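Subject: A structure for you to explore

Hi there,

Here is the structure I promised to pass on to you. Have a look around it first, and then read on for what turned up.

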Amino acid sequence: MTGRITNGEPMGRFDLAGKTAFIPGGYGEIGAAIATAFAEHGASVAVAGRDERKALALAERLRAAGHRAFGLVLDATDVAAIETAVARAGGELGSIDILMN
């Protein structure tokens with residue numbers, strides 16, 4: 001079903017209501033598009049990356065559009081930083097159901 005259009009939407013009735021997505025590097029062009037699509041389909045979204053300013057800015061844009069989002073800094077080369085970021089995102093948005101990397 002990849003690429004199939006249903007009900008006028010590329011992802012059809014893709015429902016992520018009640019789910020939380022953690023998206024490292026989610027503020028780049030592709031990551032931002034994924035974060036936005038997940039949010040538009042009901043997921044709470046944690047956007048993380050090395051540039052905290054960019055992560056916070058995307059999260060703010062998503063919240064301004066009525067979505068639940070959280071931005072935070074993450075150095076994906078540091079295991080302790082990953083654990084901290086996941087714990088912070090989970091504390092803010094609830095348990096993480098989706099990891100998009």
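Let's start at one residue and work outwards. Asp51 is partly exposed, with a relative accessible area of 23%. Please keep in mind throughout that this is a predicted model.

Asp51 has two jobs to look at in the viewer. It caps the N-terminal end of helix H2, where one of its side-chain oxygens sits 3.1 Å from the backbone nitrogen of Arg53. Asp51 also forms a salt bridge with Arg53, and here the closest N and O atoms are 3.8 Å apart. Arg53 itself counts as exposed, since its relative accessibility is 60% and the cut-off for exposed is over 50%.

How many salt bridges does the structure hold? There are three. Another one joins Arg63 to Glu60, with the closest N and O atoms 2.9 Å apart. These two residues are three places apart in helix H2, which means that about one helical turn separates them. In general, an α-helix has 3.6 residues a turn, so residues three or four places apart point the same way. Both partners are partly exposed: Arg63 has a relative accessible area of 37%, and Glu60 has 42%.

The remaining pair is Asp75 and Arg50, whose closest N and O atoms are 3.2 Å apart. Asp75 is in the loop between strand E3 (69-73) and helix H3 (79-93), while Arg50 is in the loop between E2 and H2, so this salt bridge ties together parts that are 25 residues apart in sequence. Asp75 is partly exposed at 28% relative accessible area, whereas Arg50 is exposed at 58%.

Now for helix H2 as a whole. Its 13 residues should span 18 Å at 1.5 Å a residue, and the C-alpha atoms at its ends are indeed 18 Å apart. Which residues of H2 are buried? They are Ala55, Leu58, Ala59 and Leu62. If you look down the axis of H2, these buried residues fall within an arc of 100 degrees, so they line one face of the helix. That buried side packs against H1, E2 and E3. On the face turned away from it you will find the exposed residues Arg53, Arg61 and Ala64. Just after the helix, Gly66 takes a positive phi of about 95 degrees.

Arg63 deserves a second look. Leaving out residues up to four places away in sequence, Arg63 touches Ala69 and Phe70. Its C-alpha atom is 9.4 Å from that of Ala39, although the two residues are 24 apart along the chain.

Next, the inside of the protein. The largest nonpolar core has 16 residues, and those touching the most other members are Ile23, Ala35, Phe38, Val45, Val47, Leu58 and Leu62. At least two residues of this core come from each of E1, helix H1 (29-40), strand E2 (44-49) and helix H2 (52-64). Apart from it lies another core of nine residues, including Phe22, Ala46, Ala48 and Phe70. For a view of one core residue, click on Ile23: not counting residues up to four places away in sequence, Ile23 touches Gly31, Ile34, Ala35, Phe38, Val45, Ala46, Val47, Ala48 and Met100.

Thr20 is another good residue to click on. It lies in strand E1 (residues 20-24). Is Thr20 buried or exposed? At a relative accessible area of 4%, Thr20 is buried, because buried means under 20%. A polar atom of its side chain lies 3.5 Å from the backbone oxygen of Ser95. Beyond its neighbours within four places in sequence, Thr20 is in contact with Ser44, Leu93, Gly94, Ser95, Ile96, Asp97 and Ile98.

Finally, zoom out to the whole chain. You can count three helices and four strands, and along the sequence they follow the pattern β-α-β-α-β-α-β. Of the 101 residues, 33% count as buried. Take the contacts between residues at least 6 apart in sequence: 55% of these join residues at least 24 apart.

Have fun exploring, and write back with any questions!

Best wishes

Notes. Residues numbered from 1 in each chain as written. Predicted model: local features only at pLDDT ≥ 70, side-chain atom pairs only at ≥ 80, totals over all residues. Heavy atoms only, no water. Buried < 20%, exposed > 50% of the residue type's maximum accessible area, 1.4 Å probe, protein only. Polar contact = N/O pair within 3.5 Å; in protein donor to acceptor, adjacent residues only side chain to side chain. Contact = heavy atoms within 4.5 Å. Core = buried A, V, L, I, M, F, W, Y, C linked by side-chain atoms within 4.5 Å. Salt bridge = Lys/Arg side-chain N within 4 Å of Asp/Glu carboxyl O. Expected span 1.5 Å × (residues − 1). Arc of directions from axis to C-beta.
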